[in-house]
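This report describes selected parts of one structure for a reader new to it. The sequence and model are shown first, and the notes follow by topic.

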Protein chains: 2
Amino acid sequence: VVEIMKNSLSISPATRLCAVIGNPVSHSLSPALHNAAFRALGLDFVYVAFRVEDLRSAVGGMRALENFRGLSVTIPHKIEVMNYMDEIPELDRAIGSINTVINDDGRLTGFGTDGPGALKAMTDAGVTIDGAKVLLLGAGGAARAIAFTLAMNSSLNRLQILDINEPMLAGLVADLRKGTGAKIGDSLLTPGNVAREVSQADIIVNCTPVGMHPRERESIVPQEFLRSGQTVFDIVYNPLETKLLTDARRMGCRVISGVEMFINQAVLQFELFTGAKAPVDIMRKIVLERLGK
Amino acid sequence: VVEIMKNSLSISPATRLCAVIGNPVSHSLSPALHNAAFRALGLDFVYVAFRVEDLRSAVGGMRALENFRGLSVTIPHKIEVMNYMDEIPELDRAIGSINTVINDDGRLTGFGTDGPGALKAMTDAGVTIDGAKVLLLGAGGAARAIAFTLAMNSSLNRLQILDINEPMLAGLVADLRKGTGAKIGDSLLTPGNVAREVSQADIIVNCTPVGMHPRERESIVPQEFLRSGQTVFDIVYNPLETKLLTDARRMGCRVISGVEMFINQAVLQFELFTGAKAPVDIMRKIVLERLGK
């Protein structure tokens, strides 16, 4: 009974609101995740989900509604929302998208926690990033966040990026060369290039949607190019273990599921919302329960 | 345990938000009241409080945030908020203020529940309004709401209004004569006029703040002019029983506390928010607990 009572929400005029905004948001795990964490720490917060089309008005409303403390921002608003911030850190400006908004008495600051969440997933797994040769598969939004975070927060040996979209790839590489001191390489995502780059990499990060439900049998990386000693990180978390990770595990690689990035980006959001250390184990438990593990 | 579990909030992406906006809102009873009612009926709603200065942006935000279902609007925003509605019923336009906003997929409708809440408090107490001589003390915002509601919803014998503010009184009387068919009289709120009008009234409604904490020893109506058979309704609810009501009870009048109007305006808001019949007894219990009875 005590446990249940502790976990029930008691809402007062002081209760602070956080929310995920996006379109759609009807399948978001974030309300369950953040509310469980608020309750576990006894914090006077509540978290809901709002489908949003008119982003400017939604963010203007948040600014005007005292007690509306934080936003998780998801597709399709992660780029446009930057226009309505008072402040965005340099790293997140360079990445070009944010997923978190913090409201300090009407002053809005935007942050991205996808890149730091990915970095934390890797360091928590014991991966050494300094000195590593990192291969990113994909040059889209998630790849941008991870590439900039790795390039600015560590001393990589080199960062190689592959994509099938040449202009997007060239844009990311040019931005990274301008914004960071990291050694950046790129090539088109062809079977030959994949084979060569995978065999040379210490850490392989799949930032493409390949392998995601319902195409669970797909993988960009042929199993035979993987070897023990490599780390393979797939940002896809549905399924929890993609074909790429199953293959990598079979070949003796260290594997990291996208669910760890998902959990850690939420952990970092929670800490920005509340200023409290997030109850990571409870948050992981909720996510794994909801994802059916 | 079952009772506690039933009463704990479970928030999902479908959960709808309601809130009170005002300035200040830090002492609002509304979050406790509406959340208890949502839980009692197992409705997927949550209610918070937002202090608001920039009302236009706050309401624009509500419109843009799907799942933001309803607002209770309190001082100082009950008049200005009308500017941002898509629709307001004629009665509420005539009253000139609203205290409730309903968001139907981005279309905002404003309502006032103070007048209907007062009317419901009277009819619930068994008061016959048709044919009655009603005396309103005060011509401010609450008096306007009650005067229009009574005048438009019933067949009064007459409605007499007293105030010390002659222009405000004249304005209300002119609006009532233009907007309703009721027989309206007015005079300045002087001791002589109070004595005469109180002795002639069937129902006396105090719509002034006289008698409110910390001036609990004050009353506009000298006890000796009250008599058994009259109904005395005081919209003040802090204290729960004002000096006016104590005097009236002593003289054998039927008495109605402002807390019944407060509960009923919230009941009507709850029904607009949810479409469900409000759990009135639970709401009354919460309000009386919070007001220290």
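## The six-stranded sheet

In this predicted model, chain A contains an open sheet of six strands, ordered S8-S7-S6-S9-S10-S11, with parallel pairing. Its edges are strand S8 (184-188) and strand S11 (254-256) of chain A, each of which pairs on one side only. From one strand to the next, the twist averages 15 degrees.

Within chain A, strand S6 (residues 133-137) and strand S7 (residues 158-163) are joined by five bridges in the parallel sense. Leu137(A) has Leu162(A) in S7(A) as its bridge partner.

## Helices against the sheet

Helix H5 (residues 114-124) of chain A packs on the sheet, where it touches strand S9 (203-206), strand S10 (231-234) and S11 of chain A. The direction of H5 makes about 145 degrees with that of S10(A). Helix H9 (residues 243-250) of chain A also lies across S9, S10 and S11 of chain A. H9 runs at about 165 degrees to S10(A).

## Helix H5 of chain B

In chain B, helix H5 (residues 114-124) has several buried residues: Asp114(B), Gly115(B), Gly117(B), Ala118(B), Leu119(B), Ala121(B) and Met122(B). What do the buried residues of H5(B) pack against? Their partners in chain B are helix H6 (141-153), strand S9 (203-206), strand S10 (231-234), strand S11 (254-256) and helix H10 (258-274). Just after H5(B) comes Gly126(B), with a positive phi of about 90 degrees.

## The nonpolar core

In soluble globular proteins, nonpolar side chains tend to be buried together. Here the largest nonpolar core has 50 residues. Those with the most contacts inside this core are Phe50, Phe68 and Val101 of chain A and Phe50, Phe68 and Val101 of chain B. Among the elements that give two or more residues to the core are strand S2 (45-51) and helix H3 (55-64) of chain A, together with strand S2 (45-51) and helix H3 (55-64) of chain B.

Leaving aside neighbours within four places in sequence, the contacts of Val101(B) include Met62(B), Leu71(B), Val73(B), Leu108(B) and Phe273(B). Arg69(B), Gly70(B) and Thr109(B) are also in contact with Val101(B).

## A loop residue in chain A

Leu29(A) sits in the loop between strand S1 (16-22) and helix H2 (30-41) of chain A. Leu29(A) counts as buried because its relative accessibility is 16%, and buried means under 20%.

Not counting residues up to four places away in sequence, Leu29(A) touches Phe262(A), Val287(A), Arg290(A) and Leu291(A). Leu29(A) and Arg290(A) are 261 residues apart along the chain, and their C-alpha atoms are separated by 7.4 Å.

Notes: Residues numbered from 1 in each chain as written. Chains lettered and ligands numbered in written order. Predicted model: local features only at pLDDT ≥ 70, side-chain atom pairs only at ≥ 80, totals over all residues. Heavy atoms only, no water. Helix = DSSP H or I, 4+ residues; strand = E, 2+ residues; numbered from the N terminus. Buried < 20%, exposed > 50% of the residue type's maximum accessible area, 1.4 Å probe, protein only. Contact = heavy atoms within 4.5 Å. Pairing = 2+ DSSP bridges. Axes fitted to C-alpha atoms, helices over the stretch in contact; angles between N-to-C directions. Core = buried A, V, L, I, M, F, W, Y, C linked by side-chain atoms within 4.5 Å.
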